[in-house]
Amino acid sequence: MKRSGGAHRVKVSADGRGVVSHAGTALLRELAAETGLAGAVSGVLLDTYRGFPLHLPGQVFADLAVAIADGADAVTGIEVLRDREGLFGPVASMPTAWRLLDRIDAAHLPRVRAARAAARARAWQAGAAPAGGELRIDFDATISIAHSEKQDAAATWKKTFGFHPLLAFLDRPEVAGGEGLAGLLRPGNAGSNTAADHVTVLALALAQLPAGARPRPGEADSPRVLARSDSAGATHVFAAACRTRGVEFSFGFPVDERVQAIVGLIPEQCWHPAVEDGDELRDGAWVAEATGMIDLGSWPEGSRLILRKERPHPGAQLTFTDVDGHRITAFLTDTPAGVIPGQAAGLELRHRQHARVEDRIRQAKAAGLRNFPCRGQEENSAWLEAVLAAADLVCWAKLICFTHVPSLARCEIAAFRYRVLHVAAQLTRSARRACLRIDRTWRWATQIAEGFHRLRAAFA
């Protein structure tokens, strides 16, 4: 039998020199150094060592965050950087990374969070700051399954076993992403609407914002910050905490018997078409304000109730909360009239965009959040901080280095790894300097090289 002549085979040998893969991770590692993340974490953890460490703890933390962004879902993933010593120099071993997580105990975790906040301020100064206007923080919880016995792992409401962390992301729609502001590792049986947990995460999230971006209650020129959540966050305690801290809120509101009863009482002329981004009308959806039709006296003064009715998409299963064949949703906000363009329709669009947090969590699960690798609760809480730091590094890299390249700035983490982080390159030395030569046949080679230059110019 003859071999097919159409088969294309290449000669394979193991004698390549200076070839490195995952070369794009050098961009994130450099960003962690320039923002001061590595140095700040080292400063808060040095007191956990008897002598001066061989590998600075901040660099180990930064390398772990870079490895998570590169796809690691366990501490062993740091070997991705360690195997490329020619590019990165000496990198801590996997046991050293394990010991780092062990050092971030309850006393040092707040200091690590403060180090992350300082790095965020530096990144915003370098060009990663929002363009202006309202800052929108999205709150949501998710299930992370544990496949073995771990401290605080418990049965979840989805009949699985693991953890139920509550997270807060700063919405950054300009890069179709978000900054990981805060996270609280909770047992699997923690409630979705536990008000105390929402208040805790709110405080952690606000502490992550640079000082000039934090709300100042009572001041007319205070930055505007919005807390968005689904109905799990619609508690009186959380709403009061937002008001106390000068944060506006937009919470999903349960469609109970009171809401169903008033839908039919709203005159047809009071229903206005819902809108999409770009002021386009949303087909088959209408919005109306029902503030005066339900007693909201137990909520903060100025709270408003907005309803939306929408025709279910073809094939959708109707529910008992549907009225006259329309799906009814509601949300509560304390944003005054005239602040958001479009009146009630504009407020509804802003609240509907809370759904973006599902994309942020999905991408975070593809970058370390799916698995908490340690047995102890404190170590897993430290891992969560590394996951949030990884999300920050990716977001800042897009904002500082690739805003001029939509295919890199707006892609999801899997595509960003393929296009940027996993790029191949050749490492050469000339005039006592190392040179990283990105594969010129790669579609985004020029843009990646420009990204390095933009990063260095931003922090020059």
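These legends accompany a set of close-up views of one predicted protein model.

**Figure 1. The whole protein, with its 16 helices and 15 strands.**
Let's start with the full chain before moving in. The radius of gyration is 25 Å, close to the 23 Å that the globule rule gives for 460 residues, so the protein is as compact as a globular protein of that length. Along the principal axes, the C-alpha atoms fill a box of roughly 80 × 65 × 45 Å. Of the 460 residues, 52% count as buried. The exposed surface comes to about 21700 Å², and carbon and sulfur atoms supply 52% of that area. Contacts across the sequence are well represented here: among those between residues at least 6 apart, 65% join residues at least 24 apart. As for charge, the mean positions of the 55 positive and 50 negative charges lie 9 Å apart.

**Figure 2. An open sheet of 3 strands in the order E3-E5-E4.**
The pairing in this sheet is antiparallel. Strand E3 (144-145) and strand E4 (154-155) stand at the edges with a single partner strand each, so one side of each is left without a neighbour in the sheet. Look next at the pairing of E4 with strand E5 (residues 161-163), which is antiparallel and runs over 2 bridges. Here Ala154 has Gly162 of E5 as its bridge partner. As a reminder for this and the later strand views, strands of a sheet pair through backbone hydrogen bonds, either parallel or antiparallel.

**Figure 3. Strand E14 with its partners E1 and E15.**
Strand E1 (residues 19-20) runs antiparallel to strand E14 (residues 425-430), and 2 bridges join them. In that pair, Val20 stands opposite Ala425 of E14. E14 also pairs with strand E15 (residues 433-438), again in the antiparallel sense, over 6 bridges. You can find Thr428 opposite Cys435 of E15.

**Figure 4. The turn of the hairpin formed by E14 and E15, with Ala431 picked out.**
This hairpin has 2 residues between its strands. Ala431 sits in the loop between E14 and E15. Its phi is near 55°, a positive value in a residue other than glycine. Is Ala431 buried or exposed? Ala431 has a relative accessible area of 69%, and it counts as exposed because that value is over the 50% cut-off.

**Figure 5. Helix H11 (residues 343-352), beginning with Gln343.**
Like the hairpin residue above, this view holds a residue with an unusual sign to look for: Gln343 has a phi near 55°, a positive value in a residue other than glycine. Gln343 is exposed, with a relative accessible area of 64%. The helix as a whole is mostly covered, with 9 of its 10 residues buried. The buried residues of H11 are Ala344, Ala345, Gly346, Leu347, Glu348, Leu349, Arg350, His351 and Arg352.

**Figure 6. Strand E13 (residues 327-333) between its partners E9 and E12.**
E13 is mostly covered, and 5 of its 7 residues are buried. Strand E9 (residues 248-253) pairs with E13 in the antiparallel sense over 4 bridges. Phe251 has Leu332 of E13 as its bridge partner. Strand E12 (residues 304-310) also runs antiparallel to E13, joined to it by 7 bridges. In this second pair, the bridge partner of Ile306 is Phe331 in E13. When following the side chains, it helps to recall that in a regular strand they alternate between the two faces of the sheet.

**Figure 7. Ile400 in helix H13 (residues 377-401) and its surroundings.**
Ile400 is buried, with a relative accessible area of 9%. Which residues does Ile400 touch, not counting those up to four places away in sequence? They are Leu31, Ala123, Ala126, Gly127, Ala128, Arg454, Leu455, Ala458 and Phe459. Phe452 is another useful landmark: 52 residues separate Ile400 and Phe452 along the chain, and their C-alpha atoms are 9.7 Å apart.

**Figure 8. Ser222 in the loop between helix H8 (195-208) and strand E8 (225-229).**
Although it lies in a loop, Ser222 is buried, with a relative accessible area of 16%. That value counts as buried because it falls under the 20% cut-off. Leaving aside neighbours within four places in sequence, Ser222 is in contact with Pro215 and Arg216.

Technical notes
Residues are numbered from 1 along each chain as its sequence is written. This is a predicted model: local features need pLDDT of at least 70, side-chain atom pairs count only at pLDDT 80 or more; totals for chains, interfaces and linings use all residues. Side-chain values use heavy atoms; hydrogens and water are left out. Two strands pair if DSSP finds at least two bridges between them. Buried means under 20% relative accessible area, exposed over 50%, partly exposed in between (1.4 Å probe, protein chains only). Contact means heavy atoms within 4.5 Å. The radius of gyration is taken over C-alpha atoms; the globule rule is 2.2 Å times the number of residues to the power 0.38. Accessible areas come from the Shrake-Rupley method with a 1.4 Å probe; for residues, only the protein chains shown count as cover. Lys and Arg count as positive and Asp and Glu as negative; His and the chain ends are not counted. The place of a charge is taken as NZ of Lys, CZ of Arg, CG of Asp or CD of Glu.
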